[in-house]
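Student: I should like to take a close look at a single part of this protein, namely its sheet and what packs against it. Could you please describe that part in one connected account?

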Amino acid sequence: MPHRLVLVTHPDCSAHDTGPDHPESVLRLAAIEAALAGDPELVPPTVTWERPEPAKLEDLLRVHTPALVERIRELSGTAARTGAPAFVEPETPVSAGSYRAALASAGCAMHAALRVARDEVPAAFSLGRPPGHHAAAERSGGYCLFNNVAIAARRVLAEGLARRILVVDWDVHHGDGTQAIFWEDPAVHYLSLHLYPHYPYSGAEDERGAGAGVGATHNVPVSAGTSADGYRRRFAAAVEGALEAARPDLVLVSAGFDLLGGDPQGGLALEPSDLHPLARTLIERAAAAGCRRIAAVLEGGYVPARVGAGVVSVARALAGLPPAA
């Protein structure tokens, strides 16, 4: 029997206006919602949609510096006054609605994580934007403003709903921001499989954390053109090792879809259909390790139709449904 999956999104996520030619555009969410609506099995009661409260300042400050939060708020204000985007960096625009969208995106991630951590639902998927895994405590960039998955993890820990969390990041880019945030934190293990060398040119295998967090960072660099079978074998082995090290109460997934073949910012060869067994591997290995709580958070992926198909595959896996026919 399928079980309940909560999909979380917020209309304010569309207020982040990156312009018609930017890869991280609102078209991504539109394609995802269309693809999910086209699957006749991803419907109530198996799947339900929920709208969260946006993140509050205290949620952001568990992860980010006050200076960064204020900078993003001010850049949004500048864009509103001038009618033109402001920029965190050349590739990361901030529009009049971006601060509002970033609060909504972080709120989506927190809501998904909390619903699962409170044992209210077996699985949840946060479908918000802008993405987050390149944002560190004191800086934004790489299309990311605030680090959604880190904000969610810190909220869960602050409420005492987990002692240990494992973040699994399968975006084609290394989540340098997430790694930096948890670099010395033994409560949050970070596992990343990513194309290497590739932007942001971090994530070498010997990057393992520091201080109390030594051994809690697990990087698995992957070569360009790696086959789907080869990737899945490496993923299964890496997940097993990270689960053994972390012994998590909750698994959060930084679910990027730029690992799919044909993505202009990628270099791997997976198909959307490959993501169902990938997600099932994680779900089943986590359950065998004693953790049945899992929530996913949308990251990258820049061919909207391919992203939509990939999200459907992952959603079906999270809902306990077989691969699409």
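Tutor: The open sheet of this predicted model consists of eight strands in the order β2-β1-β5-β10-β9-β6-β7-β8, with parallel pairing. Here helices (H or I, at least four residues) and strands (E, at least two) are DSSP runs, numbered from the N terminus, and two strands pair if DSSP finds at least two bridges between them. The edges are held by β2 (47-50) and β8 (217-222); each has a single partner strand, so one side of each is left without a neighbour in the sheet. From one strand to the next, the twist averages 15 degrees.

As for how the values are to be read, residues are numbered from 1 along each chain as its sequence is written, and side-chain values use heavy atoms, with hydrogens and water left out. Because the model is predicted, local features need pLDDT of at least 70 and side-chain atom pairs count only at pLDDT 80 or more, whereas totals for chains, interfaces and linings use all residues.

Within the sheet, β9 (residues 250-255) and β10 (residues 294-298) run parallel and are joined by five bridges. L252 has A295 of β10 as its bridge partner.

Helices lie across these strands. Helix α4 (residues 98-117) lies across β1 (5-8), β2, β5 (123-126), β9 and β10, and runs at about 175 degrees to β5. Helix α7 (residues 228-246) lies across β6 (165-169), β7 (188-195), β8 and β9, at about 165 degrees to β7. Axes are lines fitted to C-alpha atoms, for helices over the stretch in contact (heavy atoms within 4.5 Å), and angles run from 0 to 180 degrees between N-to-C directions.

Two further helices, α8 and α9, pack at an angle of about 35 degrees with their axes 8 Å apart. On the α8 side, the contact is made by L275, H276, A279, R280 and I283; on the α9 side, by G310, S313, V314, R316, A317 and L318. These residues divide into six nonpolar, three polar and two charged. Ala, Val, Leu, Ile, Met, Phe, Trp, Tyr, Cys and Pro count as nonpolar, Asp, Glu, Lys and Arg as charged, and the others, Gly among them, as polar.
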